[in-house]
Amino acid sequence: MASLSTWCRYIAHKFEYSLSLSYKSYKGGIINNKEVYDTVWKNLFQGKLTFLHWNKGQEMAPTIGDQGGTLLVRKLPTADPMRVFVGDVVLLKDPEKSDNFLVRRLAAIEGYEMVSTDEKDDPFVLDKDECWVLADNDKLKPKEANDSRTFGSISMSNIVGRVIYCLQTAVDHGPVQNRTRE
């Protein structure tokens, strides 16, 4: 049984997530100011903080495995540098196909200077709310990896959540290695 403090943290996180979703909908013009209250409560009691996502492909091998796996993803109320960190494995909306999702490692966030190994490319600094994501599989060419080397930097708002657990088989499962703790 979980302790009372664990339940309180869970409810606080879920309430923050509900407020964030409602605010985004209000600012985006999807709902009006009379519907904000109802949306907060709906997200609080019906919204899920974690969900399962099936990932296929070998872009994230060996972290997730060559064949992919079922991932447990923790939703983020807002993807900003205070909630998601360089080194985290994240689920994000595919910038080229809005119906698809990608699992990649967050390699850089706003303010990082990006330098190419190709001398023809000029270095650049990631702007506010931009990030750079990479596949873990070094054996793949950039086109095959389908990461920021192909489509460039992406908005932090494309990040849906942080991958926290990978289930490949009944005996091969465990937490996903995210950033190193300091």
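The following questions and answers concern the fold, the nonpolar core and a charged surface patch of a predicted model.

User: How many helices and strands does the protein have, and in what pattern do they follow along the sequence?
Analyst: The C-alpha atoms of this predicted model fill a box of roughly 55 × 45 × 35 Å along the principal axes. The protein has four helices and ten strands, and read along the sequence these give the pattern α-α-β-β-β-β-β-β-β-α-α-β-β-β.

User: Which strand gives the most residues to the largest nonpolar core?
Analyst: Buried residues make up 38% of the 182 residues in the protein. The largest nonpolar core has 14 residues, and those with the most contacts inside it are V84, L92, L106, C131, M156 and I159. Two or more residues of this core come from each of strand 3 (89-93), strand 4 (101-109) and strand 7 (130-134). With three residues, the element that gives the most to this core is strand 4.

User: Which residues form the negative surface patch?
Analyst: One member of the patch is D118, placed in the loop between strand 5 (113-114) and strand 6 (124-125). The residues that together form this negative patch are D118, E119, D121 and D122.

User: Is D118 buried, partly exposed or exposed?
Analyst: The relative accessible area of D118 is 32%. Buried means under 20% and exposed means over 50%, with partly exposed in between. Because its value of 32% falls between these two limits, D118 is classed as partly exposed.

Note on methods: Residues are numbered from 1 along each chain as its sequence is written. This is a predicted model: local features need pLDDT of at least 70, side-chain atom pairs count only at pLDDT 80 or more; totals for chains, interfaces and linings use all residues. Side-chain values use heavy atoms; hydrogens and water are left out. Patches are made of residues with over 30% relative accessible area and no salt bridge: like charges are joined within 9 Å, nonpolar side chains (Val, Leu, Ile, Met, Phe, Trp, Tyr) within 5 Å. Accessible areas come from the Shrake-Rupley method with a 1.4 Å probe; for residues, only the protein chains shown count as cover. A salt bridge is a side-chain nitrogen of Lys or Arg within 4 Å of a carboxyl oxygen of Asp or Glu. Lys and Arg count as positive and Asp and Glu as negative; His and the chain ends are not counted. The place of a charge is taken as NZ of Lys, CZ of Arg, CG of Asp or CD of Glu. Buried means under 20% relative accessible area, exposed over 50%, partly exposed in between (1.4 Å probe, protein chains only). A nonpolar core is a set of buried Ala, Val, Leu, Ile, Met, Phe, Trp, Tyr and Cys residues joined through side-chain atoms within 4.5 Å.
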